[in-house]
Structure formats: structure tokens, C-alpha cells
Amino acid sequence: MTLTPVRTRRSSEELIRAEETTLAHNYHPLPVVVARAEGVWVEDVEGRRYLDMLAGYSALNFGHRHPGLIAAAHRQLDEVTLTSRAFHNDRLAGFAEGLAELTGLEMTLPMNTGAEAVESAIKVARKWAYEVKGVAPDRATIVVADGNFHGRTTTIVSFSTDESARAGFGPFTPGFRVVPYNDLAAIENAIDETTAAVLIEPIQGEAGVLIPDDGYLAGVRELTLKAGCLFIADEIQSGLGRTGTTLAVDHESVVPDMLLLGKALGGGIVPVSAVVARRDVLGVLRPGEHGSTFGGNPLSAAVGSAVVDLLATGEFQRRAADLGEVLREGLTGLTGKGVVGFRARGLWAGVDVDPAVGTGREISERLMAEGILVKDTHGSTIRLAPPLTITREELESALASLEKVLG
Ligand SMILES: *Cc1c(COP(=O)(O)O)cnc(C)c1O
């Protein structure tokens, strides 16, 4: 008789060492090994608890293991999880209908990761340019912004302006024009008869939560309408309640031609992304021209539908708006006391720490010692983006910890 070996629990230290020898070093994680999570809290292997103020880069807008989302996933696990798009499945229509209702756009192209949604939008925009706008073959251009983050594929890093994201990965995909962010005149100058689309983040998350001036998004809408090109809003991080409205473009009552969703759309359970667009735009795709083995699978569609249902209540948008005021007040109070500046909208803030106090990484490590998990972006900027389920008390305690580590 063979005995099944008892699976002994390995310590955080052991697991980190094992990761260092067996995993690609494309990340530099904080030294915390999460083993369990619920709501805004995560617990490490040794049972230490941390308040998650990063929320999976906004993939966890509804918190870890939101009961309604977990229930939807469980139900679907017992029915059917994967069909491929070779067949229909009974969850996909409802998911697309929900997205249409939520966004005011008509059609959905379901994908999995954010980068795939961006890639898909680029393909659709090019095809639209050739078939609808009449751009000469292989001449279509897309205008993008400096400091952008749209993902990690070879085409997407082709128009990144972050050297560490690009260096060593060429040759790059042509057809992109990079202009300064928050500069309407630069977009206007970059647009010509070859322009298929303007692709921007309504708020640049990875760049440090950069919020454009009021009127910028409406201006992009106006310029693209006038020029007869598409406005693609990458709301993969800014969307789905984070900024106090369903979408960040809602702050200027703007409807783009193509909307890119991801991260929170998967409820923190499965990767789910989507291109949501008008019918005359997504309509350029015909059978065989684009696809994804996993895109639109019934498990993803069930979880995505449950996410759409949560957002349809408006509760999370309201929480983000109300608690966003608490966050803003807290950060205003810390300005001049270790904080040199911040940008915030809803429950989302980029906080520039006085470099004399520490780098973003050092502040993140000090916060971790206080039981708060955050992530630095560039230099001395940290990003705060807690689950939208956070309570006022929890948010205030995180701000108190920030004050302590800056002091
Ligand atoms: C995270 C992100 C992406 C890429 O999403 P992945 O799921 O990591 O591929 C694209 N755009 C924005 C704005 C993002 O924040």
C-alpha cells in the first residue's frame, strides 16, 4: 500500500525562494504570500492579515470572493464551463445584453484579457478604416497618448512610451502616432485621412492616475466625430465603478465608439474582457476573421453577467463616489506632510510621496508592515485603489497608516 504524502504547509520564505528559482522574474512582488482572502482582506501563509488597497489593479472592484459572484460561478460550474464559439452557449446572449444596457452601446466582442481586448479593438478599427472609411490598404493609423498603458503584446508595446516595456522587444508594429496626453490640439494635428481611431485611457492608471482636464474627453469625442474616425476608450482599469460612475467617460457624458472593458469584468474570478461597440463598427467582423478559444465561455459569461447585475444597482458607483470624498479629504490632510501631490477620482488615487521620505517601493514595504497592501507605480508614486466594498472605517485606518509611515 502506498501512502499519500501529507502536504506540509511551506512558509512564506520558502515559497518566495521557490518562486525566485522557478518563475520568470518579470515582477518584483512585495514579500507577502497570500493564502486566503475575503472582501477587502487577504491573509498570508502565516495567518497575518492585510487590507488590500490595490485590489488586483482594479480586477477586484467588488472585493475578494464577493458572495454573489462566487455563487454565480459555482452555479455555472455545475452546468457547463466551456463550449468554444463553434457552438452557442446559453449564457452569452444575456451577458452581451447586459453590457449593452450598462454602456449604451450595441454589440460585444468577448475576449479574456485586457490586452486581447485592446488588440481586438485595433484590428476592428483598422478593418473599419479600410471597409467603411475608405483608407488606402495598409495605411491606417491610430493616434495614442504618451504615457499610455494598454497591455503587453508586441503590437501594444510598439506604441508604449515606457522604455522598460519596449526595450529588447522590437521590431515593432507600425501604424501608431503618439501625442502628449491631455492635449487636444496635438490629437487634432495628428489626425489625417489615414486615421482609423484615437485610442486613449480616460484616466491613465499605470502612469500614476493621471486625470485629464475637464473637457478633454468631450473634446476627443468632438474631434473624432469631426474627423470621421473612431474614439476608443480603454476603460479596462478606469471602468466598472472605480471612479464613482460606471465608466470614467460618464464624467463628461461621453459615449465612445468602442469601449474596452476587462479586469473587474471577471469579478476577480476569471479573466473576462470585452470590446463593446456600435453595431456599424463591430459589424465589420465576419466569421473566421477574429476569434478566441476561451472568449465568451459560459463560466466567464456567467460571472461577467453577475458583475453587470451588481453594477446595475448603482450601489458600487455610489460607494466609490462617497468614499472617494473621504479618500480625497484624507490625502488633502497629508499634503505637505510627506505627500507632495495627489490625483484622485472616486476610490482611485495616485499619491506622489516626497522622495526624501522614501521611494514608492519603500513606502509600500512600510505600509505592508502596517498591514496595508499597495503598489508603487513610477518613482515615488503609489496607487490606492481599494475594493469598492471597503468601509469608511477601513479606509480611514488605511489613511492613518499612510500618515504613520510618512511621518
Ligand atoms: C491592465 C490594463 C490593460 C491590460 O490588461 P491585461 O488583462 O493585463 O492584459 C490594458 N489597458 C489598461 C488601461 C489596463 O489597466
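## Overall fold

The chain contains 14 helices and 15 strands, where helices (H or I, at least four residues) and strands (E, at least two) are DSSP runs numbered from the N terminus. This is a predicted model, in which local features need pLDDT of at least 70 and side-chain atom pairs count only at pLDDT 80 or more, while totals for chains, interfaces and linings use all residues. Residues are numbered from 1 along each chain as its sequence is written, and side-chain values use heavy atoms, with hydrogens and water left out.

The radius of gyration of the chain is 22 Å, which agrees with the value near 22 Å for a compact globule because the chain has 407 residues; the radius is taken over C-alpha atoms, and the globule rule is 2.2 Å times the number of residues to the power 0.38. Taken along the principal axes, the C-alpha atoms occupy a box of roughly 65 × 60 × 45 Å.

## Two domains and their interface

Domain 1 covers 67-312 and domain 2 covers 315-407 in the domain assignment, such bounds coming from an automatic or database assignment. Their contact (heavy atoms within 4.5 Å) takes 22 residues from domain 1 and 20 residues from domain 2, and the C-alpha centres of the two domains lie 28 Å apart.

Between them, domain 1 and domain 2 bury about 1,700 Å², 59% of it on carbon and sulfur atoms; buried area is the accessible area (1.4 Å probe) that two parts lose on being put together, summed over both. On the side of domain 1, Val209, Ile211 and Arg242 lose the most area to domain 2, together 37% of what that side buries.

## Polar features of the interface

Across this interface the rule finds 1 salt bridge, defined as a side-chain nitrogen of Lys or Arg within 4 Å of a carboxyl oxygen of Asp or Glu. The side chains of Glu206 and Arg383 form a salt bridge, with an N to O distance of 2.8 Å.

## Local backbone features

A cis peptide bond, with omega about 0°, joins Gly170 and Pro171, and Pro171 lies in the loop between α7 (163-166) and β6 (176-179). Ser84, although not a glycine, has a positive phi of about 70°, and Ser84 is located in the loop between α3 (67-77) and α4 (92-103).

## Surroundings of Phe342

Phe342 belongs to strand β11 (residues 339-344). Leaving aside residues up to four places away in sequence, Phe342 touches Arg328, Leu331, Thr332, Thr335, Gly350 and Val351. Phe342 and Asp90, by comparison, are 252 residues apart in sequence and 45 Å apart in space, C-alpha to C-alpha.
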